[in-house]
Amino acid sequence: MKKFAVVILTSTILAGPAFAASLKNSDASAQTIVVTEGSSKTQLQVAAGDTVEFCSSGCFVTFPNGDREALTGGESIEIKGGKVSIK
C-alpha cells in the first residue's frame, strides 16, 4: 500500500507542469508579456524561438500588443508576426 501511495504522489507531481500554459515565441525578436497571478505581476521575457511554461493555476496575461487574456493553465500560445494565437 505504501508503494502505491508513493507512485500516485510521484505521478501527480510529475504531471503538474503539464497543465501549465505554454508560450512559443516564433518571432525574430524577444517578446515580453506581463503575467498577473493573484496580486503578483511578473514580466516574462521570451527570447526568439524559445518556449516557456507558466501559469499553472490560472492567471491574466498582457501581451506585447496590449491584449489581455485570462488563462486557466492548459493553453498553447504562439506569438508569430507580432500576432498572438491561443489554442
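Where along the chain is alanine 48 found? In this predicted model, alanine 48 sits in the loop that runs between strand 3 (40-46) and strand 4. With a relative accessible area of 36%, alanine 48 counts as partly exposed, because that class lies between the buried residues, under 20%, and the exposed ones, over 50%. Leaving aside residues up to four places away in sequence, alanine 48 touches Asn25, Asp27, Ala28, Ser29 and Ala30. One of these, aspartate 27, is 21 residues apart from alanine 48 along the chain, and yet the C-alpha atoms of the two are separated by 5.7 Å.

Aspartate 27 is a good residue to follow next. Aspartate 27 belongs to the loop between strand 1 (21-25) and strand 2 (31-37), and its contacts, again without residues up to four places away in sequence, are Ala48, Gly49, Ile79, Lys80, Gly81 and Gly82. Although aspartate 27 is buried, it has no salt bridge, and the nearest side chain of opposite charge, that of lysine 80, is 8.5 Å away. What does lie beside the side chain of aspartate 27 is backbone: a polar atom of this side chain is 2.5 Å from the backbone nitrogen of glycine 81, and the backbone nitrogen of glycine 82 lies 3.2 Å from a polar atom of the same side chain.

Glycine 81 leads on to the hairpin formed by strand 7 and strand 8, where two residues stand between the strands and glycine 81 takes a positive phi near 65 degrees. Strand 7 (residues 76-80) and strand 8 pair in the antiparallel sense over four bridges, and within this pairing isoleucine 79 has valine 84 of strand 8 as its bridge partner. Strand 7 is also joined to strand 1, this time in parallel, by four bridges, and here serine 22 is partnered by serine 76 of strand 7. In general, the strands of a sheet pair through backbone hydrogen bonds, and they may do so either parallel or antiparallel.

These pairings belong to an open sheet of four strands, whose order is 4-1-7-8 and whose pairing is mixed. Strand 4 and strand 8 (83-86) stand at the edges with a single partner strand each, so one side of each is left without a neighbour in the sheet. On average, and with direction ignored, neighbouring strands of this sheet are turned by 20 degrees against each other. The two faces of strand 7 can be told apart as well, since Ile77 and Ile79 make up a covered face, whereas Ser76, Glu78 and Lys80 make up an uncovered one.

Just before strand 7 comes another acidic residue to consider. Glutamate 75 lies in the loop between strand 6 (68-71) and strand 7, and it is buried yet has no salt bridge, with the nearest side chain of opposite charge, arginine 68, 13 Å away. A polar atom of the side chain of glutamate 75 is 3.0 Å from the backbone nitrogen of glycine 73. Beyond residues up to four places away in sequence, glutamate 75 touches Ala20, Ala21, Ser22, Ile86 and Lys87.

The last stop is at the end of strand 4. Cysteine 55 is found in the loop between strand 4 (51-54) and strand 5 (59-62), and its phi is near 60 degrees, a positive value in a residue other than glycine. Cysteine 55 is buried, because its relative accessible area of 4% falls under the limit of 20%.

Conventions. Residues are numbered from 1 along each chain as its sequence is written. This is a predicted model: local features need pLDDT of at least 70, side-chain atom pairs count only at pLDDT 80 or more; totals for chains, interfaces and linings use all residues. Side-chain values use heavy atoms; hydrogens and water are left out. Buried means under 20% relative accessible area, exposed over 50%, partly exposed in between (1.4 Å probe, protein chains only). Two strands pair if DSSP finds at least two bridges between them. Axes are lines fitted to C-alpha atoms, for helices over the stretch in contact, and angles run from 0 to 180 degrees between N-to-C directions. Lys and Arg count as positive and Asp and Glu as negative; His and the chain ends are not counted. A salt bridge is a side-chain nitrogen of Lys or Arg within 4 Å of a carboxyl oxygen of Asp or Glu. A polar contact is a pair of N or O atoms within 3.5 Å; within protein, one must be able to donate a hydrogen and the other to accept it, and residues adjacent in sequence count only if both atoms are side-chain atoms. Contact means heavy atoms within 4.5 Å.
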